Amino acid sequence: MANLKEIRNRISSIGSTMQITSAMKMVSAAKLKKATDTITAMRPYSEKLTEIIQNVSSTLEGENSSVYSQVREVKNVLFITVTSNRGLCGGFNANIIKQINVLANTAYQGANIDLLTIGKKGNDILKKTFHVVDNQSSLYDHFDFEHTAVIAEHVMEAFVNEKYDSIQIVYNQFKNAATQNVVTEQFLPLLPIETEATAAASDYIYEPSKEDIIETLIPLSLKTQLFKAIADSVASEHGARMTAMHKATDNAQELRNELKLSYNKARQAAITNEILEIVGGAEALKN
């Protein structure tokens with residue numbers, strides 16, 4: 001009977017775990033809807049604004065070129081890593097950490113690498129290997145454009161002051177609830193892109209001057225780009241956690257069913273043994 005008691009305790013424990021994972025799945029699903037709406041509305045605006053800025057910036061040359069477009073030899077690199085403050089979301093955080101290690105050992109091998117971490121999980125692991133100049137994990141406590149813009153301003157200032165020659169954002173880009181793609185996105189310097197819009201940029205009429213417009217819009221574009229990346233990561237986190245909790249619930253259900261079957265078999269065997277003992281005792285009395 002001790003074996004039966006142990007199995008009953010395990011079934012009860014797994015049932016409690018299922019309730020927790022199922023609740024976490026539903027919470028993540030509710031948060032995912034809001035996060036998805038945000039990034040769906042934000043992404044086209046951010047991408048189009050960035051494209052316009054890059055196209056128009058490419059027409060500025062010499063002294064009129066933007067300070068944010070200066071391409072220098074890459075000696076000092078800043079990675080803005082976007083992870084989560086909480087776990088239980090599958091490989092969401094591990095994939096970012098793996099990507100940083102790959103970049104450090106390949107494309108940016110030999111360069112001085114600093115990190116600006118957003119997310120406790122990534123910071124706790126990466127600070128053991130890399131130099132973390134700032135941890136902005138508290139951003140998630142009040143995540144909005146204003147607080148994100150402050151971080152972007154500090155990063156932009158560091159680039160203008162030539163503290164860093166290249167700044168990259170590494171984050172999970174939301175595709176759907178089950179799929180998140182790790183993306184390394186160049187934040188600074190701005191690089192021109194070759195499209196039809198580049199050739200048409202010279203046909204624009206600027207009021208005030210082209211330079212004034214660019215210097216006003218570029219900071220806005222960069223702040224929007226960082227906000228979009230973090231919003232993408234937030235949506236990806238909820239999707240990854242919802243998927244992970246769904247799988248955990250299914251696995252717990254399967255394990256509980258197996259334990260119930262084992263419990264029924266053990267109980268049936270115990271009852272059979274008791275019946276055999278009673279029958280055996282009755283036969284002994286007859287003799």
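**Reading burial, sheet order and aromatic pairs**

Trainee: At its relative accessibility, does Phe-227 count as buried or exposed?

Mentor: The relative accessibility of Phe-227 is 11%, and because the cut-off for buried is under 20%, Phe-227 counts as buried. Please keep in mind throughout that this is a predicted model.

Trainee: And how does Phe-145 count at its own relative accessibility?

Mentor: Partly exposed is the class between under 20% and over 50%, so Phe-145, at 26% relative accessibility, counts as partly exposed.

Trainee: In what order do the strands of the sheet stand?

Mentor: The order in a sheet is read from strand to neighbouring strand, and here the five strands of an open sheet follow one another as S3-S2-S1-S4-S5, with mixed pairing. Strand S3 (131-135) and strand S5 (179-188) are at the edges and have a single partner strand each, so each of them has one side without a neighbour in the sheet. On average, and ignoring direction, neighbouring strands are turned by 25° against each other.

Trainee: In which sense do S2 and S3 pair, and over how many bridges?

Mentor: Strand S2, which spans residues 112-118, pairs with S3 in the parallel sense, over four bridges; as one case of bridge partners, Leu-116 is matched with Asp-134 in S3.

Trainee: Which helices lie across S1, S2, S4 and S5, and at what angles to S4 do they run?

Mentor: Helix H2 (residues 92-105) lies across strand S1 (76-82), S2, strand S4 (166-176) and S5, and its angle to S4 is about 145°. Helix H6 (residues 210-286) also lies across S1, S2, S4 and S5, but runs at about 40° to S4.

Trainee: How many aromatic pairs does a search of the whole structure find?

Mentor: The search finds three. One of them joins Phe-79 and Tyr-108, whose ring centres are 5.5 Å apart and whose planes stand at 85°, so this pair is edge-to-face. It links distant parts of the chain, 29 residues apart, with Phe-79 in strand S1 and Tyr-108 in the loop between H2 and S2; both Phe-79 and Tyr-108 are buried.

Trainee: What geometry do the rings of Phe-145 and Phe-227 show?

Mentor: Their centres lie 5.8 Å apart with the planes at 75°, so the pair of Phe-145 and Phe-227 is edge-to-face. Here Phe-145, in helix H4 (residues 145-160), is linked with Phe-227 in helix H6, 82 residues apart. Together with Phe-143, Phe-145 and Phe-227 form one aromatic cluster.

Trainee: Over which ring does the charged end of Arg-72 sit?

Mentor: The charged end of Arg-72 sits over the ring of Phe-159, at 4.5 Å from the ring centre.

Definitions and conventions: Residues numbered from 1 in each chain as written. Predicted model: local features only at pLDDT ≥ 70, side-chain atom pairs only at ≥ 80, totals over all residues. Heavy atoms only, no water. Pairing = 2+ DSSP bridges. Helix = DSSP H or I, 4+ residues; strand = E, 2+ residues; numbered from the N terminus. Axes fitted to C-alpha atoms, helices over the stretch in contact; angles between N-to-C directions. Contact = heavy atoms within 4.5 Å. Phe/Tyr/Trp six-rings, centres within 6.5 Å; stacked < 30°, edge-to-face > 60°. Buried < 20%, exposed > 50% of the residue type's maximum accessible area, 1.4 Å probe, protein only. Lys NZ or Arg CZ within 6 Å of the ring centre and 35° of its normal.
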